[in-house]
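Here are a few notes to help you find your way around this one. Have the viewer open while you read.

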Amino acid sequence: MSVPVLAVSGLARSFEQGGVRIDVLRGVDMTVGQGEIVALLGPSGSGKSTLLQAVGLLEGGFEGSIRIAGAEAAELDSDGRTRVRRESLGFVYQFHHLLPDFSAAENVVLPQMIRGADRATADARAEALLTALGLGHRLTHRPSQLSGGEQQRVAVARALANQPALVLADEPTGNLDEATADVVLAEFLRLVRGEGSAALVATHNERLAQKMDRVVRLHEGTLG
């Protein structure tokens, strides 16, 4: 049996607020297999974003084990965590967070060059991804010249630019109207599957969650 891309065990996170302890995550156990797309379903405030921040190695203060592509987070120093984020993870957020002064293609080229790709290779990869997402005619446009759906497609291409083992998506269509959300999610799922990546997608939308391979439900900090 292949090793899971993501294995989480006993993951817990608490905060102190006004002298009161708030348990956001309460011993979460989960796995995501190679090439599997998992929906993380739950209402606002259920801990979805906190779980993704933990898995994305974006925040400390967690208890438990997080293993990504074979690397145990607790054993990594700051440089090691950065390396795992750069080499094994891709991120898509509700808001695209594109660099406004760069074109669509350049937004997809930059993470590749940071990882060490040469410009020609990065350009070709960016063009291929954006064309697959229907943006082959928008390569030189800046984010301000793109629609919301187009901007989110660029964010998807950027997340997949370095062929990550795991894509983490936090409400990736939450800022789009329903029709555009359906199109962008379909393209996201198609491209992720085509690339052979796994994905963990946080959403509160039951209808969209059912389009994925498997659904896990987070409620009051635990998976049910």
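1. Which residue in β2 is the bridge partner of Ser14? It's Asp23. Keep in mind that this is a predicted model.

2. That pair belongs to β1 (residues 6-17) and β2, which run antiparallel to each other and share ten bridges. Both strands sit in an open sheet of four, ordered β2-β1-β4-β5 with antiparallel pairing. At the edges you'll find β2 (20-32) and β5 (71-72); each has a single partner strand, so one side of each has no neighbour in the sheet.

3. Now look at the largest nonpolar core, which has 36 residues; Val108, Leu130, Val154 and Phe188 touch the most other members. Several elements supply at least two residues each, including β3 (37-41), α3 (104-115), α4 (119-132) and α6 (178-195). The biggest giver is α5, with six residues.

4. Try clicking on Val108: not counting residues up to four places away in sequence, its contacts are Ala126, Leu129, Leu130, Val154, Ala157, Arg158 and Ala161. Apart from this core lies another one, of 31 residues, with Leu52, Leu89, Phe91 and Leu200 among them.

5. Helix α4 is worth a closer look. Its buried residues are Ala122, Arg125, Ala126, Leu129 and Leu130. They cover an arc of only 120° around the axis, which puts them on the same side of α4. The buried residues of α4 pack against α3, α5 and α6.

6. As for the ends of α4, Asp118 caps the N-terminal one, with a side-chain oxygen 3.2 Å from the backbone nitrogen of Ala120. After the helix comes Gly134, with a positive phi near 80°.

Methods:
Residues numbered from 1 in each chain as written. Predicted model: local features only at pLDDT ≥ 70, side-chain atom pairs only at ≥ 80, totals over all residues. Heavy atoms only, no water. Core = buried A, V, L, I, M, F, W, Y, C linked by side-chain atoms within 4.5 Å. Buried < 20%, exposed > 50% of the residue type's maximum accessible area, 1.4 Å probe, protein only. Contact = heavy atoms within 4.5 Å. Pairing = 2+ DSSP bridges. Arc of directions from axis to C-beta. Polar contact = N/O pair within 3.5 Å; in protein donor to acceptor, adjacent residues only side chain to side chain.
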